[in-house]
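Trainee: I have not looked at this structure before. Could we go through the surroundings of the ligand step by step?

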Amino acid sequence: MEKNNKSLSFSESVNYMVDRALSVLNVDPGTSNSIKTCNSTIKVSFPVEINGKIEVFTGWRSVHSDHRLPSKGGIRFAPIVNEDEVEALASLMTYKCAIVDVPFGGSKGGLLIDPSKYTRDDMQRITRRFARELIRKGYLSPATNVPAPDMGTGEREMAWITDTYKQLHPEDINYLGCVTGKPVAHGGIRGRTEATGRGVVYAIREFFRNADDVQSAGLKPGLGGKTVVIQGLGNVGYYAAKLLDEEDGCKIIAIIERDGVLINEEGLRVEDVRKHINEHKTIKGFPDAKFSEDGASGLEIECDILIPAAMEAQITKENADKIKTKVIFEAANGPVTFEADDILHQRGIMIFPDAYVNAGGVTVSYFEWVRNLAHIRFGRMERRHDEMRGAHMLQALETLTGKQSEAWMQKELVYGADELDLVRSGLDDTMRNSYQQLKEVYSTNDDVHDFRTAAYVVAIQKLMRSYIDIGIY
Ligand code: NAD
């Protein structure tokens with residue numbers, strides 16, 4: 001279904017995908033419009049002195065929905081950001097939160113900047129100033145709008161933003177909940193940095209537990225030994241690729257980065273590639289792999305699983321017919337355009353959508369926010385108690401059987417879960433449950449032919465339920 005020859009904007013692309021689900025659910029045009037429309041978008045421009053000269057920076061924050069508060073969504077720092085992109089990403093956040101049962105509305109922010117051109121001190125002043133603009137205008141607080149890291153931002157920026165909020169609102173006892181993705185020592189939660197990439201892997205593992213879906217995708221059972229191509233070895237891509245390489249026995253046959261692609265049919269060691277990037281700031285020159293400067297061609301390498309984890313609009317109508325994978329897991333937001341989605345679907349390539357696949361980040365952000373409001377680390381009260389109960393149970397078993405327990409039993413039973421265990425357990429549970437919700441719609445609704453539509457059907461049903469409950473319609 002091509003709308004015209006011009007490429008669609010990011011938000012048009014998302015909205016056309018959502019339209020499919022709205023028509024499956026037979027939602028009337030007025031309600032459909034109100035579901036898709038962003039509530040509000042703020043644009044701020046502010047001056048910062050850099051090397052004795054004034055530079056003006058521009059950023060946006062968009063709230064797609066506030067049916068649940070706070071509205072939630074990352075802030076990206078990138079040389080290409082615009083209002084349309086921020087609104088599209090904010091709407092994805094609404095659907096994402098609904099899919100994984102995170103009780104938040106959807107929001108997103110972006111600052112037009114190339115962070116590589118500025119020193120750490122410059123970045124700190126720019127970030128703090130941007131945060132002040134958002135706080136003053138009501139677009140950042142623990143109760144109403146809570147950012148998180150995205151492209152070009154991480155723990156460091158989140159710590160600066162928290163401190164800025166605390167200075168402006170020293171009376172707010174919940175100030176730590178004003179952003180998520182903070183350093184652990186400053187109110188962050190263990191496991192947040194890796195959460196999105198780990199969530200991607202939990203989604204892939206759940207897919208492989210569903211033999212009928214694996215067969216529909218044209219794959220043989222078992223994740224071990226599967227060939228994987230990944231685009232983007234940043235926060236999301238690195239953790240996803242690392243786990244698939246080190247824990248699941250996949251072969252990462254290609255890694256695509258800004259400056260090209262590394263290829264090794266025997267499998268790349270992800271940790272070594274990352275070390276090389278950290279040292280040399282490029283993938284070029286990595287030993288034991290072929291290198292090509294034509295990074296985009298890497299997407300067309302034959303593989304079992306393709307994971308775009310860099311940015312939007314990477315698989316478009318221009319290259320969709322050259323993609324040679326069996327299944328795509330969208331770790332980035334919007335990596336496949338609406339037109340490409342149609343082409344890939346017709347070619348029988350299965351796609352698991354961004355709004356589900358990369359929802360691990362917001363899921364663990366939710367855990368972090370709850371931890372901040374509770375003012376206590378998860379597991380602190382019960383860990384030693386659980387450990388003691390395990391020891392008592394083992395002792396009882398030994399007494400009853402008259403046998404000495406084995407070392408592994410002691411290790412597994414005499415144990416109380418710590419925060420990281422609980423975060424990973426909650427994340428795994430979320431990704432598995434949500435997969436089953438998508439699958440239920442995909443396999444029982446004759447009008448749903450792909451997992452993306454299934455995901456939006458699940459999201460819209462939940463959104464409409466909550467809108468009806470609070471009397472919007
Ligand atoms: P990041 O900045 O840490 O990493 C992005 C990586 O992609 C970098 O290594 C960059 O060099 C590479 N890259 C950029 N353009 C590229 C191109 N054209 N080809 C190949 N590589 C390219 O960002 P991130 O946080 O990992 O986010 C990646 C994607 O995941 C984005 O779409 C983001 O919105 C989405 N996402 C991130 C999170 C999160 O928790 N960080 C959560 C949900 C979704």
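Trainee: How do the residues of the shell around the ligand divide into nonpolar, polar and charged?

Mentor: This is a predicted model. The shell around the ligand holds 23 residues, and the closest include Arg 76, Asp 150 and Glu 257. Asp, Glu and Arg count as charged, and Gly counts as polar. The shell divides into 9 nonpolar, 9 polar and 5 charged residues.

Trainee: Where does the ligand lie with respect to domain 1 and domain 2?

Mentor: The chain is divided into domain 1 (38–185), domain 2 (195–360) and domain 3 (384–416). Domain 1 and domain 2 both give residues to the shell around the ligand, so the ligand lies between them.

Trainee: Which residue has a polar side-chain atom 2.7 Å from an oxygen atom of the ligand?

Mentor: A polar contact is a pair of N or O atoms within 3.5 Å. Gly 152 has a polar backbone atom 3.3 Å from a ligand oxygen, and Asn 235 has a polar backbone atom 2.9 Å from a ligand oxygen. The residue with a polar side-chain atom at 2.7 Å is Thr 196.

Trainee: How much of the area that the ligand exposes when taken alone does the protein bury?

Mentor: Taken alone, the ligand exposes 830 Å². Of that area, the protein buries 86%.

Trainee: Which elements give two or more residues to the shell around the ligand?

Mentor: Asn 235, with its backbone contact to a ligand oxygen, is where one of these elements begins. The elements that give two or more residues are α8 (235–246) and β8 (251–257).

Terms used
Residues numbered from 1 in each chain as written. Predicted model: local features only at pLDDT ≥ 70, side-chain atom pairs only at ≥ 80, totals over all residues. Heavy atoms only, no water. Domains from an automatic or database assignment. Near = heavy atom within 4 Å. Polar contact = N/O pair within 3.5 Å; in protein donor to acceptor, adjacent residues only side chain to side chain. Areas by Shrake-Rupley, 256 points an atom, 1.4 Å probe, with all protein chains shown as cover. Helix = DSSP H or I, 4+ residues; strand = E, 2+ residues; numbered from the N terminus.
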